[in-house]
Amino acid sequence: MKKILVTGGAGYIGSHTIIELLLKSTYEIISIDNFSNSAPAAYDRIRQITNQNFRSIQLNLCDQNAISQNLDALENIEGIIHFAAFKSVPDSVKDPILYYHNNIESLNNLLKFCERKNIPNFIFSSSCSVYGNADQLPVTEQTPLKKAESPYAHTKQVGEEIIEFFCQAHPQFNAVMLRYFNPVGAHMSGLNGEMPISKPNNLVPIITQTAVGKNSLTVFGNDYPTRDGYCIRDYIHVTDIADAHVKALDYLVQKKNKTNLSLYNLGTGIGVSVMEAIASFEKVSGLKLPYTIGVRRAGDVIAVYADNTKAKSELNWLPQYNIDDMMQSAWKWQQNLEA
Ligand code: WQD
């Protein structure tokens, strides 16, 4: 059976993607994770939701020897979906070298592995943060990239360039780079969701933790040049992101790609401000969310949201969930965590 390796498969987007792969495809799935920002319990949640099994290997992709010893013996690998990376904007501002080492070294090692094993297909987890403060909105895949606003965003810009040159050097290697906007929410069953090991930095898990008294929300800045003074983002349900990976894999395996490097925005195309996101949560939860207004956060872009027509037409992908669905699923997950 053809194998698909999913790096970061115990993580937030990785675990939701394995769920969709198990339910919608017939590949043998192997998750690779070092649990630096996740836990093996994610695998139990995937099995509970899908009632299917899959393999997992614990290793750090920055360790070339670990890759050789644990992965080189694998045969019939049809593709790799590469999620494993650190992804916090503020944490990357605090410790840039940690981010450059982890996110770039792991990618380099993985591409060397692809070269050794002649792996034909590769899907790369990129980010809308590569656009920086774009001159025009919504951003298309052709929108020129501005200077990265954080080391995290820069690791994604560099990662995309590494893959671009690797594809030029290896015409038989096919890559899709997916620029996620803001993945949020949880599996609609309420049985899987975001489970960061350390305190979350992202808005939605802080909202739901604040709602149960485990955190306190500070809104970072209310003086931005936007319609209501708050930063605007394109929040997209994690299962819509996961579905796009299944479709991107099919696109490559069925050789629908016209060139060996493809790039897609994964967003809803709808910009939502921080205050509008809070209002959505209050609507679906029936709660009044306490928060304070603080100063701007270093590394934040003012506004970014997607033109997603390319992914819709070429990957046959269509986001299914709106901001209320995202908040509803995130809240259901948080309540299950408290149960
Ligand atoms: C969103 C907005 C904050 C926390 C994320 C991921 C990154 C990438 C893009 C995938 C900003 C504000 C937040 C808080 C706040 N995803 N906020 N108070 O920074 O846009 O980036 O999505 O690759 O990996 O980090 O998301 O949720 O941190 O912030 O006011 O306590 O919410 O200022 O305007 P961000 P975020």
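Biologist: Which residues does Ile29 touch, leaving aside those up to four places away in sequence?
Modeller: Happy to look, bearing in mind that this is a predicted model. Leaving out residues up to four places away in sequence, the contacts of Ile29 include Arg55. The full set is Ile4, Val6, Ile18, Leu21, Leu22, Phe54 and Arg55.

Biologist: Which helix gives the largest share of the largest nonpolar core?
Modeller: That core has 60 residues, and Ile29 and Leu178 have the most contacts inside it. Eight of its residues come from one helix, spanning residues 238-253. The name you want is helix 8.

Biologist: How many residues does the other core have, the one lying apart?
Modeller: Ile57, Leu59, Ile67 and Leu74 are among its members. The core they belong to has 27 residues.

Biologist: How many residues apart in sequence are the parts that Lys24 and Asp243 tie together?
Modeller: Good one! The two side chains meet in a salt bridge at 2.8 Å, N to O. Lys24 lies in helix 1 (residues 12-24) and Asp243 in helix 8, so the pair ties together parts whose separation in sequence is 219 residues.

Biologist: Is Asp243 buried or exposed?
Modeller: Its relative accessible area is 10%. Buried means under 20%, so Asp243 counts as buried.

Biologist: Which residues are linked with Lys24 and Asp243 in a network of salt bridges?
Modeller: By the rule used here, the model has 20 salt bridges. The network that holds Lys24 and Asp243 also takes in Glu20 and Lys247.

Key: Residues are numbered from 1 along each chain as its sequence is written. This is a predicted model: local features need pLDDT of at least 70, side-chain atom pairs count only at pLDDT 80 or more; totals for chains, interfaces and linings use all residues. Side-chain values use heavy atoms; hydrogens and water are left out. A nonpolar core is a set of buried Ala, Val, Leu, Ile, Met, Phe, Trp, Tyr and Cys residues joined through side-chain atoms within 4.5 Å. Buried means under 20% relative accessible area, exposed over 50%, partly exposed in between (1.4 Å probe, protein chains only). Helices (H or I, at least four residues) and strands (E, at least two) are DSSP runs, numbered from the N terminus. Contact means heavy atoms within 4.5 Å. A salt bridge is a side-chain nitrogen of Lys or Arg within 4 Å of a carboxyl oxygen of Asp or Glu.
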